[in-house]
Amino acid sequence: MRLNFDFAEAAEAFACFAKPSAYIQADLYEPERDEYEQMLGGKAREELVAADFGTVAWGPLCYLTPSAMAYLLPRLMEIAACDATDSIGDLFMMRFINRFSAGPVGSEFSLLSAKQRTVVAAFLEYLSTEHAEVVTQECWDRALTEAVLNWRDA
C-alpha cells in the first residue's frame, strides 16, 4: 500500500513558528553549543542539508530548543525522506527515526499542538510504507514502528 505525504501541508502546519534567535539549548557546554549554532543559525531553513546536522556521533539534532525543533521540523522531514546522507555517508533518515522513536515526550517537542503531532505521526507512517525496505535493511524497522505508535497515541 502506498501512502502519500504532503510536504506542503506539513510546512503549512508548522508555518506559525518563526526562525528562533537560538537553535541550541543554552545549558549545553559552550564551545559545542557555539559550534552547533554556527552550523545551523546562519542558513535559511530551506538551505539546510543533512551534513548541517553533523554525524550520528556529533551534531546538534539532540540539542535543539523547542522553538528550533518546531521551526525546523518540516525541513527535517524533507531531509529524512530524500535518503540524504551526512558527511560520513550515514542516512539522515535513521537519525530522524531514532530522535522521534520515543514520541513527543522530550521538552524539544513541548510547543507542538495536537495537529502538529498528527503531522509527525503521518510522516512516520509514510516512512514506514514508502521507505520500508531501506529502514528494514538498516535495522530501524522496530524503532520506526515504535515511533509511529508513540506519535499516533500522543
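**Entry 1: A44**

I looked up A44 and found this residue partly exposed, with a relative accessible area of 30%. The model I am reading is a predicted one. I placed A44 in the loop between α2 (30-41) and α3. I then checked A44 against K19: the two are 25 residues apart in sequence, and their C-alpha atoms are 8.8 Å apart in space.

**Entry 2: α3 and α4**

I turned next to helix α3, residues 66-81, and helix α4, residues 92-100. I read an angle of about 135° for their packing, and their axes are 9 Å apart. The angle makes α3 oblique to α4. For the handedness, I noted that α3 passes α4 in a left-handed crossing.

Which residues of α3 meet α4? I listed M69, L73, L76, M77, I79 and A80 on the α3 side. Their counterparts in α4 are F92, M93, F96 and F100. Sorting this contact by class, I recorded 10 nonpolar residues, no polar ones and no charged ones.

**Entry 3: α5 and α7**

I repeated the procedure for helix α5 (residues 114-130) and helix α7 (residues 141-152). These helices pack at an angle of about 155°, and I noted 8 Å between their axes. Angles over 145 degrees count as roughly antiparallel, and α5 and α7 are therefore roughly antiparallel to each other. I entered their crossing as left-handed.

From α5, I found R117, V120, A121, L124, E125, L127 and S128 in the contact. From α7, I found L144, A147, V148, W151 and R152. By class, I recorded eight nonpolar residues, one polar residue and three charged residues where α5 meets α7.

**Entry 4: cysteines**

I then asked how many disulfides the model contains. A disulfide is a covalent bond between the sulfur atoms of two cysteines. With a cut-off of 2.5 Å between cysteine sulfur atoms, I obtained a count of zero disulfides.

I examined C62 in particular and found this cysteine in no disulfide. The cysteine sulfur nearest to that of C62 belongs to C82 and is 19 Å away. Is C62 buried, partly exposed or exposed? I read a relative accessible area of 43% for C62, so this residue is partly exposed. For C16, I read a relative accessible area of 60%, and I entered C16 as exposed.

Definitions and conventions. Residues numbered from 1 in each chain as written. Predicted model: local features only at pLDDT ≥ 70, side-chain atom pairs only at ≥ 80, totals over all residues. Heavy atoms only, no water. Axes fitted to C-alpha atoms, helices over the stretch in contact; angles between N-to-C directions. Helix = DSSP H or I, 4+ residues; strand = E, 2+ residues; numbered from the N terminus. Parallel < 35°, antiparallel > 145°, perpendicular 65-115°, else oblique. Left-handed = near helix turned anticlockwise from the far one by under 90°. Contact = heavy atoms within 4.5 Å. Nonpolar A, V, L, I, M, F, W, Y, C, P; charged D, E, K, R; others polar. Buried < 20%, exposed > 50% of the residue type's maximum accessible area, 1.4 Å probe, protein only.
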